Amino acid sequence: MNRQLNSILVTGGAGYIGVHTLVQLLEAGYEVIAVDNLANSSIEAVRRAENIAGKRATSYIGDIRDADFLDQVFARHAIDVVIHFAGLKAVGESAQQPLAYYDNNVCGTVTLCRKMLKYGVRRIIFSSSATVYGSDAPVPYLETMPRGKPANPYGATKAIIEQLLTDISGASPDWSVVLLRYFNPIGAHPSGLLGDAPSGIPNNLLPYLTQVAVGKLAQLTVFGGDYDTQDGTCERDYLHVMDLADAHVKALQALTDVGVHIYNIGTGKALSVLEIINTFTAVTGQAIPYTIGPRRAGDLPVFWADAGKARKELNWQASRSLEQMLADAWRWQQQNPEGYP
Ligand code: NAD
Ligand code: UFG
């Protein structure tokens, strides 16, 4: 552990990825200050994370767009690093409500960075996404490739925030910025206490599939069976959310260098929708009723990470298998059919 960087502000700390990272940070001995407006989460997730780690975080319920609220948080704690998860993330919704996405994601980050400047905090790890490579990039994606044309307003906000943080670093060379480009996180904490708890009907494959398995939804629609892939269905780089959480702890080390550091966080391997369904059945014994439906607008046929840079520079690589990802997702779903209470 880098002892100079001890006090970590986690925005979006009650969310799916945030709360798994909270566990790893607490277990590694960091002092954690978690901030969340609970727009897409429950404070119960933070309580459970604390119970798992056997340590407590300091939690604040509030919005990162609220400058007065952030003043209180920054004034009370000598923060060394911000890990910035807070944001809206539903791709389809972003096309329907672009203003909400630009306001929450971009304006929220601007307000957060203003407070970082004011209180002398110069280190940030940001939750970016593979979506910033755009639709024309060759696979596998490599950090040296330029950002592509965003496919939707959600992707545009990620690209804008990457550029914003790069420009801040250009103007203030004492900043350390880490942009983590996540691929497709799935799975849950192995205890079954923490997991993905989307509100309403899930958009993402895994929560949809596990809700079919548990009987909450009738059947899964596979979006497209006529892609130019091995079995005709889309391929993605799925990684365990616990591996993704580990990547944040490893990334803290990169913050000792100033400048902007970009890392792909994926396994380096693409798997098809049918491979996910079949492996889920093999691991859990649960058959998944599904039909092959039309393609979903905006889906790319296949992408995966070149994860070599994170391995070399952060000493991070995904270690959990697809079987573990699916068994853990299923345990979470079975134990929490309605999500957090
Ligand atoms: P999530 O919705 O579970 O977590 C985000 C958290 O931020 C939620 O708890 C929400 O209540 C909170 N939040 C939203 N707006 C806020 C605001 N203005 N102020 C305070 N809190 C706010 O999502 P997640 O899957 O944990 O994703 C975390 C981050 O990672 C997001 O920025 C997301 O865009 C990014 N990301 C996620 C994925 C994925 O597949 N899950 C992939 C790439 C990138
Ligand atoms: N899929 C189905 N049926 C469903 C849901 C999904 O067949 O009901 C398929 C999709 O077509 C896609 C794959 O499952 O081929 C994965 O879809 P997800 O919606 O789970 O994930 P995406 O790859 O579309 O997007 C995710 C995040 C984005 C992020 C992107 C890259 O939702 O925020 O990964 O990191 F930008």
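Which polar backbone atom lies 2.8 Å from a nitrogen atom of ligand 2? In this predicted model, the atom in question belongs to Thr221, whose backbone approaches a nitrogen atom of ligand 2 to 2.8 Å. The surroundings of ligand 2 comprise 21 residues, of which Ser129, Thr221, Arg236, Arg296 and Asp299 come nearest. Strand 8, spanning residues 220–223, gives the most to this shell, with four residues. Oxygen atoms of the ligand are also placed close to polar atoms of the protein: one is 3.0 Å from a polar backbone atom of Phe183, and an oxygen atom of ligand 2 is 2.9 Å from an N or O atom in the side chain of Arg296. Taken on its own, ligand 2 has 690 Å² of accessible area, and the protein covers 90% of that area.

Ligand 1 is surrounded by 28 residues, with Ile17, Asp36, Asn40, Ser41 and Tyr154 the closest. Both backbone and side-chain atoms of the protein lie beside nitrogen atoms of this ligand. A backbone N or O atom of Asn37 is found 3.1 Å from a nitrogen atom of ligand 1, while a distance of 3.0 Å separates an N or O atom in the side chain of Asp63 from a nitrogen atom of the ligand. For the side chain of Asn104, an N or O atom is likewise 3.0 Å from a nitrogen atom of ligand 1. Of the 820 Å² of accessible area that ligand 1 has on its own, 95% is covered by the protein. Two or more residues of the shell are given by each of helix 1 (16–27), strand 5 (123–129) and helix 6 (153–171), and the largest share, three residues, comes from strand 5.

The interior of the protein was examined next. The largest nonpolar core holds 44 residues, among which Leu25, Leu252 and Ile265 touch the most other members. Beyond its neighbours within four places in sequence, Ile265 is in contact with Leu180, Arg181, Tyr182, Phe183, Leu239, Leu244, Ala247, Ala310 and Trp316. Apart from this core lies another, of 26 residues, including Val121, Ile124, Leu165 and Val177.

The cysteines complete the description. The structure holds zero disulfides, and for Cys107 the nearest cysteine sulfur, that of Cys113, is 12 Å away. With a relative accessibility of 37%, Cys107 counts as partly exposed, whereas Cys234, at 5% relative accessibility, counts as buried.

Terms used:
Residues numbered from 1 in each chain as written. Chains lettered and ligands numbered in written order. Predicted model: local features only at pLDDT ≥ 70, side-chain atom pairs only at ≥ 80, totals over all residues. Heavy atoms only, no water. Core = buried A, V, L, I, M, F, W, Y, C linked by side-chain atoms within 4.5 Å. Buried < 20%, exposed > 50% of the residue type's maximum accessible area, 1.4 Å probe, protein only. Contact = heavy atoms within 4.5 Å. Disulfide = S-S within 2.5 Å. Near = heavy atom within 4 Å. Polar contact = N/O pair within 3.5 Å; in protein donor to acceptor, adjacent residues only side chain to side chain. Areas by Shrake-Rupley, 256 points an atom, 1.4 Å probe, with all protein chains shown as cover.
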